[in-house]
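I opened the notebook to look up charged pairs, strand pairing and ring pairs. My entries follow in the order of looking.

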Amino acid sequence: MGTTDNCNLKWRRSSFIVIFNGIDFYMTILHYIFIGLEVVLLFNLLIGVHELGHFLAAKWRGLKVDRFAIWFGKPIWKKKINGVEYALGWIPAGWLRRAAADGDDGGH
């Protein structure tokens with residue numbers, strides 16, 4: 001009876017370690033997912049500030065700005081204010097600013 005109890009105790013300890021390592025594995029995956037989300041968020045903020053600078057400079061210079069959108073894709077939300085269409089897209093990959101100067105489209 002003593003030998004069987006020792007085997008069960010060893011098995012329980014090893015299964016606990018496997019479960020603990022499994023939790024550690026999932027925490028590592030979550031850690032990398034959150035790092036990826038942080039990178040996407042920071043890039044979007046940097047690009048947004050950059051494009052906002054273009055938008056404000058174009059407005060300041062008197063250029064006609066057609067559209068200013070956050071993210072790409074089909075708009076989730078859009079509203080036209082003072083001739084400028086502001087929009088929020090589906091794909092979190094940057095910002096869009098569309099200005100027309102003498103009939104030509106500007107933008108990146």
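Is Arg67 buried or exposed? I checked the accessible area, bearing in mind that this is a predicted model. Arg67 comes out buried, with a relative accessible area of 14%. The cut-off for buried is under 20%, so Arg67 qualifies at 14%.

**Entry: the surroundings of Arg67**

I placed the residue next. Arg67 belongs to strand E1, which covers residues 64-72. I then listed its contacts, leaving aside neighbours within four places in sequence. Pro75, Val84, Glu85 and Ala87 are in contact with Arg67. Leu96, Arg97 and Arg98 are in contact with Arg67 too.

**Entry: salt bridges**

Side chains of opposite charge can pair when their charged atoms come close. I searched for such pairs and the count came to three salt bridges.

I took Arg67 up again here. Its side chain meets that of Glu85 in a salt bridge, 3.9 Å from N to O. This pair links distant parts of the chain, with Arg67 in strand E1 and Glu85 in strand E3 (residues 84-88). The two are 18 residues apart.

Which other residue forms a salt bridge with Glu85? I found Lys78, with the closest N and O atoms 3.8 Å apart. The cut-off is 4 Å, and I noted 3.9 Å for Arg67 with Glu85 and 3.8 Å for Lys78 with Glu85. Lys78 is exposed, at a relative accessible area of 52%. Through shared partners, the salt bridges join Arg67, Lys78 and Glu85 into one network. I wrote down the two accessibilities: Arg67 is buried at 14%, whereas Lys78 is exposed at 52%.

I also logged Lys64 with Asp66. Their closest N and O atoms are 2.6 Å apart in a salt bridge.

**Entry: strands E2 and E3**

How do strands E2 and E3 run? They run antiparallel, and five bridges join them. Strand E2 covers residues 77-81. Ile81 stands opposite Val84 of E3. I had already met Val84 among the contacts of Arg67.

I then looked at the hairpin of E2 and E3. Two residues lie between the strands. Asn82 in this hairpin takes a positive phi near 55°.

**Entry: aromatic pairs**

I searched the whole structure for ring pairs and got two. Phe55 and Phe68 form a tilted pair, 4.8 Å centre to centre, with 40° between the planes. Phe55 lies in helix H1 (residues 2-61) and Phe68 in strand E1, so this pair ties together parts that are 13 residues apart in sequence. I checked burial for both. Phe55 is buried, at a relative accessible area of 7%. Phe68 also counts as buried, at 7% relative accessibility.

Phe55 and Tyr86 form an edge-to-face pair, 6.1 Å centre to centre, with 70° between the planes. Tyr86 lies in strand E3 and Phe55 in helix H1, so the pair ties together parts that are 31 residues apart in sequence. Is Tyr86 buried or partly exposed? I got 25% relative accessibility, so Tyr86 counts as partly exposed.

Last note: the ring pairs link Phe55, Phe68 and Tyr86 into a cluster.

Note on methods. Residues numbered from 1 in each chain as written. Predicted model: local features only at pLDDT ≥ 70, side-chain atom pairs only at ≥ 80, totals over all residues. Heavy atoms only, no water. Helix = DSSP H or I, 4+ residues; strand = E, 2+ residues; numbered from the N terminus. Buried < 20%, exposed > 50% of the residue type's maximum accessible area, 1.4 Å probe, protein only. Contact = heavy atoms within 4.5 Å. Pairing = 2+ DSSP bridges. Phe/Tyr/Trp six-rings, centres within 6.5 Å; stacked < 30°, edge-to-face > 60°.
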